[in-house]
Amino acid sequence: MTYGTEDREHPPALARRLVRWAVGAGAADEVEGALLEAFRGRAGRGPRWRARAWYWRQAVGFVLRARSLRVAGEAPGGADEWRPRGSGPLTWLGEVLSDARWAVRAMRKRPTFTVVAVATLALGIGANSAIFTLVDAQFLRALPYGNPSGLVLLWETDRGSPDVTTVAPGNYFAWKEQASSFTDVAAYNVDVATLSGDGDAERVAASVVTPDFFSVLGVEPELGTTFSGEAARQAGGDLVVLSHSLWVRRLGADPAIIGKEIRIDGRPHTVVGILPADFRQPERDLSWQRVELWRPLLLDAEHDDFHSRYLRTVARLRPGVTPVRAQAEMTAMAARMAEAHPEENAGRSVLVKSLDGYLLGDARPVLVLLLIAGAAVFLIVCANVANLTLARGQERRGEFAVRAALGARQGRLLRQIVVEGVMLALVGAAVGTVGVMLGRGGLESLQERYFSSLLTLTVDARVVAFSVLVALVGGILFALPLARSARRVELRSALVEGGGRAGTGSGFGGTGSLLVVGQVALATTLVVVGTLLTRSFDRLVSVPPGFEAEGRVTFDLSAPRSRYPDRADYVGYFRDIEREIGSVPGVQSVAMTSDLPFTTENDWTTFGVEGRPYDERTAPRADFHVTLPGYFGVMGIPVLQGRLPAEVWDPSADTVAVVNRHMAGMIAPGGDALGTVLTLHNEGDVMRLRVVAVVGDVLDDGFSARTEPIFYVPYATWPQRSMSVVVRVRGKPADAMRSLRLAVARVDPDIPAAGLGTLNDLLHSTVARPRAASLLGGLFALVAVLVAVTGIYGVLSYTVQGRIREMGIRAALGASRGRLVGMVLTDSGRSVALGLTAGLAGAFVAASALSGLLFGVRPWDPVSYLGSALVLGAVAALAAWLPARRAVRADPREALRGG
Amino acid sequence: MARSALGEFEHQVLLAILRLGREAYSVPIVAELEARTGKSVATSAVYIALRRLEKKGLLRSRLEAPEESGEPYPRRWFRLTEEALRPLRESRKAYLSLWDGLEPALDE
């Protein structure tokens, strides 16, 4: 609109001046401009006199209201104090706070939505916080050693066999003295020791360590010192460093403990130091982590012993040296050692393994599973809440339009939506984190039973920070779909559509069904993986172990050298044990073995067969156990051929052995193993064992192990001072345990029955990790299904509501109820079908990645996939059918009226 | 923020501004009011209402300089604040409540 031409209409000049006077100088220009525009509009539409008359009327109105105008316009500073609001960072903060207040108000106004959304979010965020707590303890926080990434373990390896072996002292010294990759190398071993003296006799995990062990690990004692080589030699090796828990538990945390003596294995040892509470022995096996006392390992006499392989070694890398470089040096050194000592070191090499890789390697697959499952559940939760938010947002279209008219910039509106989402998520996170804190005990027992418990679990500020972070991400994620659809809102269209009811605007429909597809897909993946893991676990534990575990109690006994120095002494001890246990009421039979099945680290040896050439380098290997002949009967191991040797305590000239079926097949393929003579070679001496019986195969290493060749040597031939006792009892094993413990104490009160438990428990403990995977997989799958189903139900409820009018019309036109329901189901069915397909594909990818956890079940096991798809399809159909049915039931007239 | 009640005319002015979209200046506001109410409306009365509403914090205004608007005169744009919603709703509630049940008697 431009000015300037003379023939434009001008309002009456006097009237103009009156208006300017009435309004006051400050506003005169704008008011005059407005009146001019209106005047010209009227002059353009009708006769000129009408416009002028109108203008005069307005002028009079202004004059009559002059006083009110001035009063109304008065603000501090005068009539033209119509100042625009400022902007700046404080304003922004004020706006965000006001957004937050809005959000709280909105949440309170719709309690059902808020409760459902918060509960869902609490579940998703809480689950992820719990996983983070576990992952934090396993991976993120440092091991309780100084600079743990610089620590490596050194193992010996043999001739391309995948197993590693312990180290001979000669090799240890060579590495220590010659390897340039390490600043120092320490050696140690683990066994058990008996504490006696004040209090009951107690067997604890113990370790013997070279004096540099603690400095290599970078551990400083909490009290006192560790031992130096000199001090240890002077004290004859009778020094000890104790763990924090032992100090507290058995010695009352005595602050003056340093220098005092305690009895270990019947001999007094001087306490020189107490280790910090979080220290753990660097072992993978849970029970060996809890070493409670450390004694000096003096290897001076064994400097050149390359034969006895019993040491473990740990080394610290020199700064700047990587494990790969160290491995290269050690491989070269091992080759040199093999040349220098061909009989002992031929074909042997060294494996350098980083400590954290070794300790945590086993747990990685399960943790990866947890992370995947947690992320999937979280995404499902977000999709779910996004659906709910979006559906509810439809009802608020009018509100958004009004707020946009109120001058809310697009950015402000989007921010409001995001703030609402984040606030919802934060409340959910708070609830979820509280849940995690309350359930901390459960998490700890989970960690203890199924993972390495090398580090204590804390639910602390890091977990809270993680929850908040997840809440922020989640809040933004599920607010986005709504923010996107809110941008397209226009007030006029919103008002016309009557924004009070949920609509099926294309924005909602498109995004909504996409979310449904996503949820179904994720839930399907989780259910398939959970099913695979559960089936795998079932297969695992249904493998027959080869012996009977019901009604058997086991424990370990060890006759200490100090009181049972000679063979006759400890043989006599075990004879008394057998007699005493046998006389306990309820005991059916007693037997002993050097090594129970399903425990690790079996004894093994190379062997030959008499009459065949023997070559140490290529001789076959077998595991062996020393047993009392009654062992097979007590364990329910079938005798397949021959006869077991008679129960004899005194060594006889005729040395015999019993072999398992696998070994019999090895030494006499297709023929008869009975009568074959095994030869065991040890530095020139040869022991001959005549095979007198063949027994059934037993899984020595666990359900997932292969059968190995095993032979059994009678106790009389090869007495041991440590044996495991197996007792078959009548009635419940738990009841018998107390009497058994007392019987053992009667024979020697200073030797406790260690590890007293049932054989069944032993079996179950070995499958802890697969069981954990199965349980967790199943749990997550269940949660995923629940959340996805409620999501589908929620979305479809809203969608269907919006179509009530349409359905009412169709019903009025004669459509049957069934057709209407079918109509709704077809639409949602497409989304569900798409989701199922995507989910099955995703499950295949995930299962392939987790195939390490599967046993006896293929990653593409058709039963699992088909079953999961059917179950999810049925459940989704139900979730879709219910709201459809409810809507269809509605009276069509009501529907037509607008619900 | 004033918690005063909303006069009938003020109520109408707010609604008119809302109907016009995000922002409105006086000329369309007057036109909308006349169109909807079917009665002629004094511009001055509108201005008074606008000023009062702004003082009550229910409106916000900005002055658009002639260079921006392209007009030879400055133009003042008005928009509702969020605080305006509550009194609008209350006013409407009051009307609806008072009208409740009377429609049949007063219908034409």
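Which pattern does chain B follow when read along the sequence? In this predicted model, chain B runs α-α-α-β-α-β-α-α along its sequence, and the legends below take up that chain together with several sites in chain A.

**View 1. Overall make-up of chain B.** The secondary structure of chain B amounts to six helices and two strands. Of its 108 residues, 34% count as buried, and among the contacts in chain B with a separation of 6 or more, 49% are accounted for by residues 24 or more positions apart.

**View 2. Helix α5 of chain B and the glycine after it.** Helix α5 of chain B covers residues 85-99, and at 1.5 Å a residue its 15 residues should span 21 Å, which agrees with the 21 Å between its end C-alpha atoms. The number of buried residues among the 15 of α5(B) is one, so this helix lies largely in the open. Just after α5(B) comes G101(B), which takes a positive phi of about 85°.

**View 3. Packing of helices α1 and α3 in chain B.** Helix α1 (residues 8-20) and helix α3 (residues 43-55) of chain B pack at an angle of about 85°, their axes being 10 Å apart. Because angles of 65 to 115 degrees count as roughly perpendicular, α1(B) is described as roughly perpendicular to α3(B). On the α1(B) side the residues that meet the partner helix are F9(B), E10(B), V13(B) and L14(B), while α3(B) contributes A45(B), V46(B), A49(B), L50(B), R52(B) and L53(B). Sorted by character, the residues of this contact are eight nonpolar, no polar and two charged.

**View 4. Helix α1 of chain A against helix α3.** The axes of helix α1 (residues 13-23) and helix α3 (residues 48-64) of chain A come within 8 Å and cross at roughly 25°, and the two helices are therefore roughly parallel to each other. The crossing by which α1(A) passes α3(A) is left-handed. From α1(A) the contact takes A15(A), L18(A), V19(A), A22(A) and V23(A), and from α3(A) it takes Y55(A), W56(A), A59(A), F62(A) and V63(A). The residues of this contact divide into 10 nonpolar, no polar and no charged. An α-helix has 3.6 residues a turn, so residues three or four places apart point the same way.

**View 5. Helix α1 of chain A against helix α2.** For α1(A) and helix α2 (residues 25-45) of chain A, the axes come within 9 Å and cross at roughly 140°, and these helices are therefore oblique to each other. The crossing of α1(A) and α2(A) is right-handed. The contact is formed by R16(A), V19(A), R20(A) and V23(A) of α1(A) together with A27(A), A28(A), V31(A), E32(A) and L35(A) of α2(A). Its residues comprise six nonpolar, no polar and three charged. V19(A) and V23(A) are among the α1(A) residues in this contact, and they are also among those in the contact with α3(A).

**View 6. Two buried helix residues of chain A, R661(A) and T766(A).** R661(A) belongs to helix α24 (residues 661-667) of chain A and is buried, with 20 other C-beta atoms within 10 Å. Leaving aside residues up to four places away in sequence, R661(A) touches L640(A), V694(A), G696(A) and D697(A), and the C-alpha atoms of R661(A) and F711(A), which are 50 residues apart along the chain, are separated by 9.6 Å. T766(A) is found in helix α26 (residues 759-766) of chain A and is likewise buried, with 22 other C-beta atoms within 10 Å. With the same sequence neighbours left out, T766(A) touches F598(A) and G702(A), and 9.0 Å separates its C-alpha atom from that of D701(A), 65 residues away along the chain.

**View 7. Positive phi values in two loops of chain A.** N147(A), a residue other than glycine, has a positive phi near 45° and is placed in the loop between α6 (111-140) and β1 (151-158) of chain A. With 13 other C-beta atoms within 10 Å, N147(A) is partly exposed. A253(A), although not a glycine, has a positive phi of about 50°, and this residue lies in the loop between α10 (244-251) and β7 (261-264) of chain A. A253(A) has 12 C-beta neighbours inside 10 Å and so counts as exposed.

Technical notes
Residues numbered from 1 in each chain as written. Chains lettered and ligands numbered in written order. Predicted model: local features only at pLDDT ≥ 70, side-chain atom pairs only at ≥ 80, totals over all residues. Helix = DSSP H or I, 4+ residues; strand = E, 2+ residues; numbered from the N terminus. Contact = placed C-beta atoms within 7 Å. Axes fitted to C-alpha atoms, helices over the stretch in contact; angles between N-to-C directions. Parallel < 35°, antiparallel > 145°, perpendicular 65-115°, else oblique. Left-handed = near helix turned anticlockwise from the far one by under 90°. Nonpolar A, V, L, I, M, F, W, Y, C, P; charged D, E, K, R; others polar. Expected span 1.5 Å × (residues − 1).
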